[in-house]
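Visitor: I am new to this structure and would be grateful for a close look at a single part of it. Please begin at the surface and then lead me to the part that deserves attention.

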Amino acid sequence: MRRVTISLLTTLGAIVAGDAGAADATGESTYQSSCVACHGADGVGVLPGVPDLTATEGLLADDDEVLIKRIAEGFQSPGSPMAMPPRGGNPSLSDEDLKAVVDYMRKEFAVR
């Protein structure tokens, strides 16, 4: 129990301090819990109409502010039969979580 508490406090401290590694972990865990079911582990999308996050001119070509707004409010891609729900269907996600998941998606899926 003591080891878990110390680990949790270390992680929380790193997030508050702005540690990039902790932000990456938060972004990855947010993606895995709220995004992967539709966007897939590889970002190409697993359901019809879900945009490919790895596409050169895809959604990740947009500015962070645009992406965060779409995630926060929900978004329906042109031609898609369904919309992404606000906050990926997880209303408990904070704005910081959304920024972390955008950073994670850019790192993992953006074509360079």
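Guide: M82 counts as partly exposed, because its relative accessibility is 34%, a value between the limits of 20% for buried and 50% for exposed. The model in view is a predicted one. M82 lies in the loop between α4 (64-73) and α5. Together with V46 and L47, M82 makes a nonpolar surface patch of about 230 Å². The protein chain as a whole exposes about 6900 Å², and carbon and sulfur atoms supply 60% of that area.

The loop that holds M82 has α5 on one side, and helix α5 is the part to examine closely. The protein chain has five helices and zero strands, so that its elements run α-α-α-α-α from the N terminus on, by the way helices are numbered. Helix α5 comprises the 15 residues 95-109. At 1.5 Å a residue, these should span 21 Å, and the end C-alpha atoms are indeed 21 Å apart, which agrees.

Buried residues come next. Of the 112 residues of the protein chain, 29% count as buried. Within α5, the buried residues are D97, L98, A100, V101, V102, Y104, M105 and F109. An α-helix has 3.6 residues a turn, so residues three or four places apart point the same way.

The interior may now be considered. The largest nonpolar core has 14 residues, and those with the most contacts inside it are Y31, L53, L60, I71, V102, M105 and F109. Both α4 and α5 supply at least two residues of this core, and α5 gives the most, with six.

Two residues of this core show how α5 meets other parts of the chain. Leaving aside neighbours within four places in sequence, F109 is in contact with Y31, A41, D42, G43, L53, T54 and L60. Y31, for its part, lies in helix α2 (residues 20-34) and is buried, with a relative accessible area of 0%. With neighbours within four places again left aside, the contacts of Y31 include V101, Y104, M105 and F109, and also V36, H39, G40, G43 and L53. Y31 and L98 are 67 residues apart in sequence, yet their C-alpha atoms are 9.4 Å apart in space. For the chain as a whole, among contacts between residues at least 6 apart in sequence, 49% join residues at least 24 apart.

Conventions: Residues numbered from 1 in each chain as written. Predicted model: local features only at pLDDT ≥ 70, side-chain atom pairs only at ≥ 80, totals over all residues. Heavy atoms only, no water. Helix = DSSP H or I, 4+ residues; strand = E, 2+ residues; numbered from the N terminus. Expected span 1.5 Å × (residues − 1). Buried < 20%, exposed > 50% of the residue type's maximum accessible area, 1.4 Å probe, protein only. Contact = heavy atoms within 4.5 Å. Areas by Shrake-Rupley, 256 points an atom, 1.4 Å probe, with all protein chains shown as cover. Patch = residues over 30% accessible without salt bridge, like charges linked within 9 Å, V, L, I, M, F, W, Y side chains within 5 Å. Salt bridge = Lys/Arg side-chain N within 4 Å of Asp/Glu carboxyl O. Core = buried A, V, L, I, M, F, W, Y, C linked by side-chain atoms within 4.5 Å.
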